[in-house]
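Student: I have a chain here and would like to learn how to read it. Could we go through it together, one question at a time?

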Amino acid sequence: MASICKPQQRAAKGCAAPAPDACVADIDPKLECLDGATTYIIRLSLPGFKKEDFKVQVDSGGRLTVRGERPAGYVRFHKAFQLPQTANPDGVAGRFDGTVLSLTVPKQPASGRDMVAARLAEAEECAAARAAGEGAVTTTWAEALGGKGQMVAAAVAGFALGAFLAHRLLSVANT
C-alpha cells in the first residue's frame, strides 16, 4: 500500500479539508476473476466503501476501469482490465453488496465452429507450453475440446453409426 500526502490537492478539488498530517493511501483491493460458460465475473473486495465512492467505465477498446476514493481515511484505488475479445463490453453489469463489487461481463455468442477453433488453438498453446517445459507432450482432440470431449466423441460416433446403418438399410430395401 502506497501513501501519498496531498492535502492541498484535496482542498483544491472542493473536498473537505483534511488535517494537515492526513495522507491519501492507495490500496490494491483483493481481486477474483471467474470464466463462466456465458459470462466473465470480476469481483473486487472493497470493505468500507459505499456505492457512491467508486466508478466503473468501459472504453471503446474493451478496457474496463474501476476507480474509487473513500473520503473517510482518504483511501483510493484504481484497477484496469483488458477484456478478452470474446467479451461483450456493452453488456457489463455490476452489483455491490456493501463489501464486494461483482462485475458481470457477458461473452459474445460464438458459433460452434468458432468455439472448436478457439479450444483447439488454446490446446495448441498449452501443448507448446508443456513441450517447452517437459519435452514432447501430445494433446488429443478430446482434450482440446475440454470437458465435453467425450460427449463430442460419442456424438460423432453415433452420427457415423447412424449414417452407416441408414445407408445399409436403404441399399437392402432398394435391391
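Tutor: Gladly! Keep in mind that this is a predicted model. Let us begin with the surface: the chain exposes about 12,100 Å², and carbon and sulfur atoms supply 57% of that area.

Student: Which helices and strands should I look for, and in what order do the elements of the chain run?

Tutor: Start with the count: the chain has four helices and nine strands. Then follow the chain from the N terminus, where the elements run β-α-β-β-β-β-β-β-β-β-α-α-α.

Student: How much of the chain is made up of buried residues?

Tutor: A residue is called buried when its relative accessible area is under 20%. The chain has 175 residues, and the buried ones make up 22%.

Student: What share of the contacts with a separation of 6 or more comes from residues 24 or more positions apart?

Tutor: Here we look only at contacts in the chain with a separation of 6 or more. Among these, residues 24 or more positions apart account for 41%.

Student: Now the open sheet: in what order do its four strands stand?

Tutor: The pairing in this sheet is antiparallel. Its edge strands, each pairing on one side only, are β3 (31–35) and β8 (93–96). Neighbouring strands are turned by 15 degrees against each other on average, direction ignored. Reading across the sheet, the order is β3-β4-β9-β8.

Student: Over how many bridges do β4 and β9 pair?

Tutor: Strand β4 covers residues 39–45 and strand β9 covers residues 100–106. Thr39 stands opposite Pro106 in β9. The two strands pair in the antiparallel sense, and the number of bridges is seven.

Student: Which residues does Leu31 touch, leaving out those up to four places away in sequence?

Tutor: Leu31 sits in strand β3, and at 36% relative accessibility Leu31 counts as partly exposed. Its C-alpha atom and that of Val100, 69 residues apart along the chain, are separated by 9.7 Å. With residues up to four places away not counted, Leu31 touches Ile42, Arg43, Leu44 and Phe81.

Student: Let us turn to charges. How far apart, N to O, are the side chains of Lys79 and Asp28 in their salt bridge?

Tutor: A search of the whole structure finds four salt bridges, and Lys79 with Asp28 is one of them, at 2.5 Å from N to O. Lys79 lies in strand β7 (residues 75–82) and Asp28 in the loop between β2 (24–26) and β3, so the pair ties together parts that are 51 residues apart in sequence. Lys79 is buried at 16%, whereas Asp28 is exposed at 60%. The N to O distance you asked for is 2.5 Å.

Student: Is Arg43, the salt-bridge partner of Glu32, buried, partly exposed or exposed?

Tutor: The side chains of Glu32 and Arg43 meet at 3.5 Å, N to O. This pair links distant parts of the chain, with Glu32 in strand β3 and Arg43 in strand β4, eleven residues apart. Glu32 has a relative accessible area of 37%, so Glu32 counts as partly exposed. Arg43 has a relative accessibility of 30%, and its label is partly exposed.

Student: Why does the pair of Asp35 and Lys107 tie together parts that are far along the sequence, and how many residues apart are they?

Tutor: The side chains of Asp35 and Lys107 meet in a salt bridge of 2.4 Å, N to O. Asp35 lies in strand β3 and Lys107 in the loop between β9 and α2 (112–134), so the pair ties together parts whose separation in sequence is 72 residues.

Student: Last topic, the aromatic rings: what is the angle between the planes of Phe49 and Phe77?

Tutor: The structure holds two aromatic pairs. In this one the centres are 5.3 Å apart, and the arrangement is edge-to-face. Phe49 is buried, with a relative accessible area of 4%, and Phe77 is buried at 4% as well. The angle between the planes is 85 degrees.

Student: And in which strand is Phe96, the partner of Phe54?

Tutor: Phe54 and Phe96 are edge-to-face too, at 5.0 Å centre to centre and 70 degrees between the planes. Both are buried. They are 42 residues apart, with Phe54 in strand β5 and Phe96 in strand β8.

How values were computed. Residues are numbered from 1 along each chain as its sequence is written. This is a predicted model: local features need pLDDT of at least 70, side-chain atom pairs count only at pLDDT 80 or more; totals for chains, interfaces and linings use all residues. Side-chain values use heavy atoms; hydrogens and water are left out. Two strands pair if DSSP finds at least two bridges between them. Axes are lines fitted to C-alpha atoms, for helices over the stretch in contact, and angles run from 0 to 180 degrees between N-to-C directions. Buried means under 20% relative accessible area, exposed over 50%, partly exposed in between (1.4 Å probe, protein chains only). Contact means heavy atoms within 4.5 Å. Accessible areas come from the Shrake-Rupley method with a 1.4 Å probe; for residues, only the protein chains shown count as cover. Rings of Phe, Tyr and Trp (its six-membered ring) pair if their centres lie within 6.5 Å; planes under 30 degrees apart count as stacked, over 60 as edge-to-face and the rest as tilted.
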